[in-house]
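Biologist: Could we go through this model together? I should like to begin with the contact between the chains.

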Amino acid sequence: MNALYGFYVLIWPAITLGVLVVICRAVMRDRRKAKEEQRELV
Amino acid sequence: MNSESLYQFSTLTVILLLLAFYGGTYLMTLGIRKKNEDADAFMVSNHRVGFGMGAASMTATWIWAASFYAAATSGYTYGVSGPIHYGLWGALMILFIYPFGRRFRKLAPNAHTLGELIHARHGSSSQLILALSNVLGSVISLMVNFTAAGALVSVLSPLSFQAGVIIAGFGVLLYTLWSGFRASVMTDFAQLVALMAIAIVIIPAVFFAMGGPSELVAGLDNLTVEQANLFSMDAILYQGAPFFVAVLAYAIGNQTISQRLFAVDESHIKPTFITATIGYGAIVIGLGMIGLMALTLGVEPMGGDMNNLIPQMVSGYLPPLFIALFFILVIGSLSSTADSDLSALSAIMMADVYGKNIARGKADPKRMLLVGRLTMIVATAVGIVFASFSLDILVMLVFVGALWGAIVFPVIASCFWNRVTNQAFTTSVLVAMVLFCLARFELLPMSGASGLFFEVLASIGGGVIIGLMVFGFLGRIAGFIAAALALVAMLVFATDFLRDYTVLLASLTAYGASTVVCVVMSLMSRQEDFDFATIGERVGDYDTHEPSVQEGDVATARPAV
């Protein structure tokens with residue numbers, strides 16, 4: 001039960017961390033691409 | 001842990017925190033600022049915002065201060081499943097709109113607002129109904145976010161509620177005013193990174209500080225049977241179901257979503273919306289778990305105010321540094337939503353009101369920018385005044401909710417079915433609003449024949465919601481089958497039952513009535529079938545753009561419309 005409830009609470013910050021990594025990597029890609037195409041990021 | 005007061009920052013500390021946040025955000029916008037901003041970019045950037053920036057902006061916009069407080073309240077009230085029944089449905093609002101969003105974008109690739117698309121499809125009356133619903137929604141959102149800032153500042157420092165409201169209002173206006181949507185998207189990314197990083201640290205920190213899994217499991221004895229059940233019917237009926245009904249309405253009625261839909265690179269709409277769905281769900285459900293922790297520990301919300309739950313837990317278990325992080329978390333979330341609301345309101349006034357109804361095809365981009373910036377100033381002032389005086393907006397909330405429900409079917413049908421007419425759109429929304437009011441305020445007895453009448457309409461509304469959701473992902477036939485099955489199920493289970501749940505009955509009535517009237521009037525109309533290809537020709541950019549190095553951008557270099 002302890003492990004189950006521990007997982008139930010902590011899985012959300014873990015997913016958040018995953019999404020944060022995905023977004024940060026994607027933004028770096030966006031920046032690179034915008035630079036290559038000589039346009040602004042936004 | 002039932003301390004009677006929260007940790008208090010000194011006035012100087014809070015002012016420095018706010019200065020650091022709003023000052024840093026403002027400095028960031030200087031990097032993208034242009035002396036002469038472009039009206040189109042002020043509303044939707046360059047229509048080519050990348051996946052990363054788009055997903056960050058979408059997530060940051062959808063998370064507002066109330067998301068944390070309401071998720072924690074849900075966890076505290078409904079127990080184990082409570083945070084999921086708040087965060088999951090809120091997240092699905094983003095997901096369910098994306099198939100329709102792709103259609104909107106295909107029909108009007110250069111639009112700035114959904115209202116422009118509806119104007120090209122139907123004309124002014126339908127467009128202005130949609131614009132009105134968007135404006136009311138954004139003003140309410142602004143007010144709620146400024147209120148949250150005032151409440152946070154007043155509970156964690158000696159500063160007054162009004163001081164918090166005014167600082168937040170001016171802070172957001174300061175960095176959004178010049179570059180509009182571009183500033184909003186740019187700062188959303190930084191705000192989201194801070195918000196996520198803080199959430200990632202705070203949730204486990206509170207969890208282990210309170211004793212970890214063993215303490216949580218031991219505290220489950222304090223829960224009722226329903227609260228301890230992951231499949232609690234109470235949580236589904238009182239928290240999940242009303243949210244589920246609103247899934248499509250919130251997304252259609254919210255210009256902040258449409259604006260990002262028209263701004264993101266068309267090929268990235270799907271990953272952007274899926275990532276935002278997961279990101280929103282994880283952050284909000286995670287912070288909602290703090291409400292569950294409070295429940296298992298037997299914590300009583302200070303002053304009976306559920307909004308104090310998270311501050312209480314953070315204040316009670318973590319050192320001041322974490323409380324400062326929590327402060328930034330809430331200020332970041334409310335500011336990212338407020339700046340999006342300002343950008344949404346300015347786009348509506350620029351494109352829907354000035355561009356389409358005042359300038360009528362001869363819009364001057366410079367004047368548009370002036371309209372947009374003045375709108376932001378007026379909207380901020382209205383938000384600050386409403387929030388400062390704690391005005392009762394319950395009636396406005398009820399009205400806006402009904403309007404959003406009433407426009408869902410007419411808006412979606414108008415983009416897929418070429419027989420829907422302007423008259424059908426407008427009449428269906430007005431009839432739905434009248435019937436909604438009759439049911440919501442029980443102006444007719446909800447018994448006998450009239451009770452049955454509204455239950456049938458509500459059952460149709462239930463069928464429409466399910467049908468549209470399935471249609472979005474699986475197509476027309478699956479949508480019709482799902483709608484028919486949902487309708488039958490609703491008629492069986494809702495008859496002689498739903499009349500006791502006035503709010504749900506009235507909301508579903510708005511969906512059902514607008515659908516019936518819109519379909520019947522469209523079928524009876526002898527108007528020529530609409531050619532969807534004309535929408536793209538009628539909705540375009542306002543500025544004259546020089547062709548960029550990208551081949552695809554040449555298409556945007558057209559004269560002002």
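Biologist: How many residues does the contact take from chain A and from chain B?

Modeller: Chain A contributes 28 residues and chain B contributes 37 residues, two residues being in contact if their C-beta atoms, placed from the backbone, lie within 7 Å. The model is predicted: local features need pLDDT of at least 70, side-chain atom pairs count only at pLDDT 80 or more, and totals for chains, interfaces and linings use all residues. Residues are numbered from 1 along each chain as its sequence is written, and chains are lettered from A and ligands numbered from 1 in the order in which they are written.

Biologist: Which classes make up the side of chain A that touches chain B?

Modeller: That side of chain A has 18 nonpolar, four polar and six charged residues. Ala, Val, Leu, Ile, Met, Phe, Trp, Tyr, Cys and Pro count as nonpolar, Asp, Glu, Lys and Arg as charged, and the others, Gly among them, as polar.

Biologist: And what helices and strands has chain A?

Modeller: Chain A has one helix and zero strands; these are DSSP runs (helices H or I, at least four residues; strands E, at least two), numbered from the N terminus. Its C-alpha trace spans about 55 × 15 × 5 Å along the principal axes.

Biologist: Turning to chain B, what are its domains?

Modeller: Chain B is divided into domain 1 (47–390) and domain 2 (392–529), with bounds from an automatic or database domain assignment. Their C-alpha centres lie 26 Å apart.

Biologist: Which helix gives the most to the side of domain 1 of chain B that touches domain 2 of chain B?

Modeller: H7(B) does, with nine residues.
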